[in-house]
Amino acid sequence: MRSLTWMIGSHRLMGVLALGATVLVSAGPAAMVTHASGARAAQNPTWVTTQGKVVHLTLTAGWNNTNAGFNFDGAAHGQMVVTVPLGSTVDVTFTNKAQGTPHNMVVIPYTQSLPASSASPAFPGAATPAPRFRPGGLPQSGGAAQTFSFVAGKAGRYMLICGIAGHAIAGMWDTLVVSPSAKVASVTMGTAQAAGTVGATTPPANPSQWVSTSGKVVHLTLISGWNSANAGFNFDGGAYGRMVVTVPLGATVVATYKNAANTPHDVLIVPYQKTLPNRSVPPAFAGASAGRPRFGAGGRGGGRPGGQPQTSNKAQTFTFVAGKTGTYMIICGFPGHAIAGMWDTFVVSSTAKTASITFK
Ligand SMILES: [Cu+2]
């Protein structure tokens with residue numbers, strides 16, 4: 001893939017941008033993580049300009065559909081490299097264009113294991129202000145630009161991430177280089193990076209503890225954030241489809257769902273999605289979901305004032321009939337969580353006599 005270098009102010013356009021190429025995710029067996037798609041307009045971008053010691057940087061979350069919208073300025077998985085001169089003051093204008101999905105921006109030190117969420121910037125002030133909440137409780141997504149400013153005081157490699165739980169793991173990060181030699185700021189588009197995009201799965205010692213069969217009834221336990229596998233974005237320790245729950249056709253599945261994480265999650269059993277959804281989709285069987293979060297006063301369900309979603313650690317039960325053979329997915333319906341690997345495999349089998357759980 002060719003890379004494109006824009007030197008702002010020089011009006012030179014070197015090469016042709018070919019977004020749409022690789023996103024390095026060796027996800028579990030089947031389902032794909034969304035590919036970058038949609039070529040960016042081949043015109044001189046205005047995302048970065050330099051005036052003396054001041055760099056103006058524009059970062060737009062959800063700029064296009066690349067990586068299901070989990071991108072900054074159309075780039076994800078580290079693909080965009082913003083270089084700024086050491087010691088410059090970076091004035092950032094941040095806007096969220098995504099419809100209905102909250103995003104933010106935090107500059108963190110470069111790391112191979114992306115954090116599940118972050119609010120601690122590498123430089124003082126290098127993060128968006130806390131999101132505003134509507135009286136109704138859901139965070140505002142689109143709309144007004146936010147500005148923040150920081151001094152790029154230490155040379156090195158950093159990450160521009162979305163600090164909202166799961167979004168960086170889902171690929172919503174780009175690269176910031178603080179260069180002792182650069183005289184002006186620049187933006188280049190390279191290839192997607194692998195950092196943090198491959199979620200490790202730690203299979204539990206005894207997966208069969210979570211499933212039992214009595215007659216036509218299957219009891220299934222699903223715990224989100226059960227361990228630290230995939231930065232906690234797992235069910236029962238499984239992510240990226242690696243946990244496979246098999247139940248007999250026609251079984252009544254009585255599922256107990258619990259969220260062990262401090263991050264809100266939910267669970268749905270949905271038709272197999274070749275392209276993972278970036279948010280919730282209707283369940284495959286009537287009743288096959290649980291765990292919608294409660295929101296603060298004024299929002300859904302009452303609770304704390306201020307509107308942040310509450311993490312529910314209380315077990316919830318849901319029941320459905322596995323009425324059609326096939327392969328399904330167990331996903332978390334929170335924006336970005338399935339893309340971040342928070343999904344497993346659910347099989348309804350016409351030959352199985354009892355339910356089982358395996359890891360692959
Ligand atoms: Cu989740």
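User: In this predicted model, which residues is L160 in contact with, once its neighbours within four places in sequence are left aside?

Analyst: With those sequence neighbours set aside, L160 is in contact with L59, F72, V82, M105, V107, W173, D174 and L176. As a general idea, nonpolar side chains tend to be buried together in soluble globular proteins. Here the largest nonpolar core has 93 residues, and L160 is among those with the most contacts inside it, together with V82, V107, I161, V245, I330 and I331. That core draws at least three residues from each of domain 1 (1–198) and domain 2 (207–359).

User: How should I read the sheets, and in what order do the strands of the four-stranded one lie?

Analyst: In general, the strands of a sheet pair through backbone hydrogen bonds, either parallel or antiparallel. In this case four strands, in the order β12-β13-β15-β18, make an open sheet with mixed pairing. Because β12 (211–214) and β18 (316–321) each have a single partner strand, they stand at the edges, and one side of each is left without a neighbour in the sheet. On average, and with direction ignored, neighbouring strands here are turned by 20° against each other. Within the sheet, β13 (residues 217–224) and β15 (residues 252–259) pair in the parallel sense over eight bridges, and T221 has T256 in β15 as its bridge partner.

User: Which strands are at the edges of the six-stranded sheet?

Analyst: This open sheet, also of mixed pairing, has the order β17-β16-β19-β20-β14-β21, and its edge strands are β17 (289–290) and β21 (356–359), each pairing on one side only. Strands β14 (residues 243–248) and β20 (residues 343–349) run parallel and are joined by five bridges, with V247 standing opposite V348 in β20.

Note on methods
Residues are numbered from 1 along each chain as its sequence is written. This is a predicted model: local features need pLDDT of at least 70, side-chain atom pairs count only at pLDDT 80 or more; totals for chains, interfaces and linings use all residues. Two strands pair if DSSP finds at least two bridges between them. Helices (H or I, at least four residues) and strands (E, at least two) are DSSP runs, numbered from the N terminus. Axes are lines fitted to C-alpha atoms, for helices over the stretch in contact, and angles run from 0 to 180 degrees between N-to-C directions. A nonpolar core is a set of buried Ala, Val, Leu, Ile, Met, Phe, Trp, Tyr and Cys residues joined through C-beta atoms within 7 Å. A residue is buried if 20 or more other C-beta atoms lie within 10 Å of its own, exposed if 12 or fewer, and partly exposed in between; C-beta atoms are placed from the backbone. Domain bounds come from an automatic or database domain assignment. Two residues are in contact if their C-beta atoms, placed from the backbone, lie within 7 Å.
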